[in-house]
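Me: Hey, can you walk me through this protein with me looking at the picture? I'm new to this, so plain words please.

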Amino acid sequence: MNKSRVLTDFARVINSDRYQYTESDIFLMENMQERIAVFDVYFRKTQDGGFAVVAGVQEVINLIEILNSTSEEEKRMYFSEILEEEHLVEYLSKLKFTGDILAMRDGEIAYPNEPVLTVKAPLIQAKILETPILNIINMQMAIATKASRVTRAAYPIAVSSFGSRRAHGFDSAVAGNKAAVIGGCVNHSNLMTEYKYSIPSVGTMAHSYVQTFGVGSNAERTAFETFIKHRKNRGKNSLILLIDTYNTLGMGIKNAIEAFKNCGIDDSYEGMYGVRIDSGDLAYLSKKCRVLLDEAGLKKAKIVLTNSLNEELIRSLREQGACADLYGVGDEIAVSKSNPCFGGVYKIVQIDENPVIKLSEDIVKISNPGFKEVYRIYDKNELAYADLITLVNNDMDKELLIKGETLTIRDEKYEFKSSTLKKGEYTVKKLTRDYVINGEIVMTEYEKLFDIMSSQRYYLDSLEKVSVERKRLENPHNYKVDLSSDLIELKYNLIKGIKAEIEK
């Protein structure tokens, strides 16, 4: 077998763009490799102008595990195949990550321009992680954020993630379903997601299953009864019958009711049972089916609706009074169909102890310099009021915030837009957590990421603390993300310095 086709876990680390290694070669030749760089991962906007849901931190930390546990021989095998520079191959073959990674946890609610994840490490170590980190974070945050929109539209009706077959490859299907669960989906359909993340998978049946038994009413009823007979005593397997293979009202729902009764399934059944509708006028059909199920005494039978659903269609179904107990959503979540490119970036903000900045004619692309962390401020009603981005070191606002003292925060662009937080009238939470310090994984934080349902609960608890106006799917009310006074001063001093050079 061609060895280039055999990929180990280390391939995830070098799932990278070549320029990062070209630059690393220059850094090595210039003896810059030990300079300490700080890079921020953040995003500039969301689909609706609101918040995003953090996901993928677990896999980013796993990159560090892989990098530090892979043998020198295996690293050399890869690098010698793809890099011409022998001195760089030698350096990278011995490379281990010795820096720090700070991040918001999976399930955190995040806003534009605040660091979701920060890498502080020797320059080459930080540089080569850019693409693999963005590859993970952009995909998973896109899906988690889309799942958040869909589940908020459906609430209080639950949503399942059913999009594996439309996902963009293996990792997208497996980790994407995990991200969808973090973003509010009650479950998913993917076996490998269950295996890797211990989140139970669910499923119903396909049209091809029904067709396997033949064409027509007798064949459909036989398919249903056979399914029930073999699955009704199998623990977690639910009895959801797909009723639109031939005719939903004229045949499917009648055969489902008869099959349930013939197999002894009624409202005394301890498991979940019901029907799924995957085509046609879902609002009309679901209401008709609900009446027929109730008239047959099957009042606990569930109705699952699928078929290219998204947040807009689900909201429309609810407005029409559709009878649904569960929505199954596929490609709209699996590929974040309405906003497939999340747009997270990885920008250097400090080299050694010197903050750096990226300027642009496009104001949104001006970066925030320095080594930073994020705090969330809650008002007297325990609702999230504002986020404050501070410098990690030597930041007066941060010290006042931690002590709960009176503090004024302001919009960096408009000094007249300010808010005074009075002592005793607010609480604060640090969103930035330490996951890797000096190359060592902080296991107490890392292990929390393995409990995906805990990450989902964290997201849902955080969502409860977001005001109704800021949760709406269209034109959400603006949420304050402010810079500390020291950070504003640092940023604008750098801008003034560059401007002065241009004017000369």
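Reply: Sure, we can go through the pocket, the sheets, the cavities and a salt bridge. One thing up front: this is a predicted model.

Me: OK, pockets first. What volume does the largest pocket have?

Reply: The largest pocket comes to about 1,200 Å³. Its lining is made of 40 residues. Nearest its centre you'll find Asn-113, Asp-411, Glu-412, Lys-413 and Val-481.

Me: And which helix or strand gives the most to that lining?

Reply: That's α19, with six residues. α19 covers 485-503, and it is one of the elements that each supply at least two lining residues. The others are β16 (407-410), β17 (418-421) and β21 (480-483).

Me: How many of the pocket's lining residues are charged?

Reply: 13 of them are charged. Another 18 are nonpolar and nine are polar.

Me: You mentioned β21. What order do the strands have in its sheet?

Reply: The order is β18-β14-β15-β21, in an open sheet of four strands with mixed pairing. β18 (427-430) and β21 stand at the edges with a single partner strand each, so each has one side without a neighbour in the sheet. From one strand to the next, the twist averages 25 degrees.

Me: How many bridges join β14 to β18?

Reply: Four, and the two strands run antiparallel. β14 is residues 372-378. If you want a spot to look at, find Tyr-375, which stands opposite Lys-430 in β18.

Me: Which helix packs on that sheet?

Reply: Helix α15, residues 396-403. α15 touches β14, β15 (384-391) and β18, and its direction makes about 40 degrees with that of β14.

Me: Now the six-strand sheet. Is the pairing there parallel or antiparallel?

Reply: Parallel, in an open sheet with the order β7-β6-β11-β10-β9-β8.

Me: Why do β7 and β8 each have one side without a neighbour?

Reply: Because β7 (187-188) and β8 (239-242) stand at the edges of the sheet, each with a single partner strand.

Me: What about the middle of the list, β10 and β11?

Reply: β10 (residues 302-305) and β11 (residues 326-329) pair in the parallel sense over two bridges. Val-304 has Leu-326 in β11 as its bridge partner. Helix α12 (residues 282-295) packs on this sheet, where it touches β9 (273-277) and β10. The direction of α12 makes about 165 degrees with that of β10.

Me: Switching topic: how many cavities of 30 Å³ or more are there?

Reply: Three. The largest cavity holds about 80 Å³ of space, and the second largest holds about 60 Å³.

Me: What lines the largest cavity?

Reply: Its lining includes Thr-46, Asp-48, Phe-51, Lys-146, Arg-149 and Phe-342. By class, the lining has three nonpolar, five polar and three charged residues.

Me: And the second largest cavity, what's around that?

Reply: Among its lining residues are Asp-40, Tyr-42, Asn-113, Pro-115, Ile-366 and Lys-372. You've met Asn-113 already, as one of the residues nearest the centre of the largest pocket. Four residues of this cavity's lining are nonpolar, three are polar and three are charged.

Me: Last one! How many salt bridges does the structure hold?

Reply: 32. One of them joins the side chains of Glu-72 and Arg-76, at 3.1 Å from N to O. In general, side chains of opposite charge can pair when their charged atoms come close.

Me: How far apart along the helix are Glu-72 and Arg-76?

Reply: They are four residues apart in helix α3 (residues 72-82), so about one helical turn separates them.

Terms used
Residues numbered from 1 in each chain as written. Predicted model: local features only at pLDDT ≥ 70, side-chain atom pairs only at ≥ 80, totals over all residues. Heavy atoms only, no water. 1 Å grid on protein atoms, 1.4 Å probe; cavity = no way out; pocket = protein on both sides within 12 Å on 5 of 7 lines; lining within 4 Å. Points joined across faces, edges and corners; volume = space filled by probe spheres on them. Nonpolar A, V, L, I, M, F, W, Y, C, P; charged D, E, K, R; others polar. Pairing = 2+ DSSP bridges. Axes fitted to C-alpha atoms, helices over the stretch in contact; angles between N-to-C directions. Contact = heavy atoms within 4.5 Å. Salt bridge = Lys/Arg side-chain N within 4 Å of Asp/Glu carboxyl O.
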